[in-house]
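The following account leads the reader through a single protein model. It is intended for those who meet this structure here for the first time.

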Amino acid sequence: MSRYTDAIIAWYDANARDLPWRADDATPWGVLVSEIMLQQTPVARVLPVWHAWLERWPTPAALAAEPSGEAVRAWGRLGYPRRALRLHESARAIVDRHGGEVPSSHADLLALPGIGSYTAAAVASFAFGQRHAVLDTNVRRVLSRLVSGEEYPPKAPTKAETRLAESLVPAAAPTAARWAVAVMELGALVCTARSPRCADCPVLDGCRWHRDGRPAHTGPPRRAQTYAGTDRQCRGRLLAVLRDADGPVGKPALDVVWSDAVQRERALDALVADGLVDPLDDGRYALPGG
DNA sequence: GAATCGTGGTT
DNA sequence: TAACCAAGATT
């Protein structure tokens with residue numbers, strides 16, 4: 001238990017957003033779906049898709065009964081559509097291996113496709129009230145500033161960060177679960193990446209970064225995430241054609257969305273290899289029917 | 001460890 | 001306006 005815990009939990013109780021996957025009637029499945037959708041994707045864009053998804057597929061079994069292409073289509077423009085494919089695979093694994101109930105153990109969650117250490121800990125904590133260190137980008141940033149005095153954490157999570165996060169987890173599981181969601185929310189609403197609202201911070205007095213005068217990030221630039229002209233953009237265009245079509249489409253319908261034929265073929269092949277696109281025997285293409 | 005994988009809002 | 005960034009996982 002750290003000196004931050006009580007203050008951050010109290011702040012959360014007064015300032016938490018009213019998100020549907022935090023509601024009392026949210027199911028573990030709803031929490032799991034939210035966590036997958038929220039990977040690298042802002043809350044505002046997830047909300048409408050999450051509602052539609054849970055209404056259509058209120059249980060893992062409901063999703064497992066459909067072809068994977070339906071999941072890809074319902075994913076819409078959330079991005080990283082392989083997540084939709086893996087969520088669908090997870091639904092079938094949950095039916096096959098866990099009787100249709102989202103497993104509660106960290107190890108069982110981690111074994112599901114598309115679920116890594118963060119998501120496994122998040123679901124175990126948020127849906128089942130367990131005690132885990134939940135270390136996402138928000139928490140990494142908060143701890144980096146609060147404890148290390150650095151504006152940003154390292155590019156990739158380190159063992160030191162994991163140890164630090166684990167050292168701060170309250171002993172009692174229910175408190176640990178509240179801490180996990182609270183410190184994440186603090187990072188999302190106050191200790192933000194670009195313009196942190198330090199005036200609203202409940203642990204400003206204990207923040208090393210603030211005490212040191214909020215020194216700017218030193219070291220290499222954090223990212224140079226270009227997108228225009230990349231294979232990713234090309235893949236997005238191709239898949240959008242299939243998502244927006246009622247059924248299979250011919251090759252010409254795909255060809256028109258990207259002029260560079262070499263890149264286009266490479267991207268299409270990759271989509272097929274990923275299982276996001278089915279090449280049909282008649283030469284047309286469709287969302288996966290499995 | 002580094003590269004790859006979408007999309008759109010914010011600054 | 002180009003750059004940054006958003007509850008990561010996989011290879």
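**Two domains and what lies between them**

The C-alpha centres of domain 1 and domain 2 are 25 Å apart in this predicted model. The domain assignment of chain A places domain 1 at residues 27-126 and domain 2 at residues 231-286. Across the boundary, 8 residues of domain 1 are in contact with 11 residues of domain 2.

The largest nonpolar core comprises 50 residues, and those that touch the most other members are Trp29, Met37 and Trp53. Two or more residues of this core come from each of helices H2 (28-37), H3 (43-56), H4 (60-64), H5 (68-75), H6 (82-98), H8 (117-126), H13 (231-244) and H15 (261-274). Because domain 1 (27-126) and domain 2 (231-286) both contribute residues, the core lies between them.

Trp29 offers a view of this packing in detail. Leaving aside residues up to four places away in sequence, Trp29 touches Trp53, Leu54, Trp57, Pro58, Thr59, Pro60, Leu63, Leu87, Ala91 and Val102. A second core, separate from the one just described, has 29 residues, among them Tyr4, Leu168, Trp179 and Leu186.

Helix H6 also holds serine 90. Is this residue buried or exposed? Serine 90 has a relative accessibility of 1% and therefore counts as buried, the cut-off for buried being under 20%. Its contacts, again without residues up to four places away in sequence, are Leu112 and Pro113.

A further region is known from a record. UniProt, in an unreviewed entry, places the feature "domain: HhH-GPD" at residues 37-189. This span is 65% helix and 0% strand, and its end C-alpha atoms lie 19 Å apart.

The enclosed spaces of the model remain to be considered. Rolling a probe the size of a water molecule over the atoms reveals where empty space is left. The structure contains 2 cavities of 30 Å³ or more, and the largest cavity has a volume of about 120 Å³. This largest cavity is lined by 14 residues, of which Arg145, Cys191, Cys198, Cys201 and Cys207 are the closest to its centre. Helix H9 (137-148) and helix H12 (208-211) are the elements that give two or more residues to the lining. Of these, H9 gives the most to the lining of the largest cavity, with 3 residues.

Notes
Residues are numbered from 1 along each chain as its sequence is written. Chains are lettered from A and ligands numbered from 1 in the order in which they are written. This is a predicted model: local features need pLDDT of at least 70, side-chain atom pairs count only at pLDDT 80 or more; totals for chains, interfaces and linings use all residues. Side-chain values use heavy atoms; hydrogens and water are left out. UniProt positions are given in the numbering used here, feature names are shortened, and annotations may be inferred rather than shown by experiment. Helices (H or I, at least four residues) and strands (E, at least two) are DSSP runs, numbered from the N terminus. A nonpolar core is a set of buried Ala, Val, Leu, Ile, Met, Phe, Trp, Tyr and Cys residues joined through side-chain atoms within 4.5 Å. Buried means under 20% relative accessible area, exposed over 50%, partly exposed in between (1.4 Å probe, protein chains only). Domain bounds come from an automatic or database domain assignment. Contact means heavy atoms within 4.5 Å. On a 1 Å grid over the protein atoms alone, a cavity is a set of points where a 1.4 Å probe fits but cannot get out, and a pocket is an open set with protein on both sides within 12 Å along at least five of seven lines; lining residues have an atom within 4 Å of a point. Grid points are joined across faces, edges and corners, and a volume is the space filled by probe spheres set on the points.
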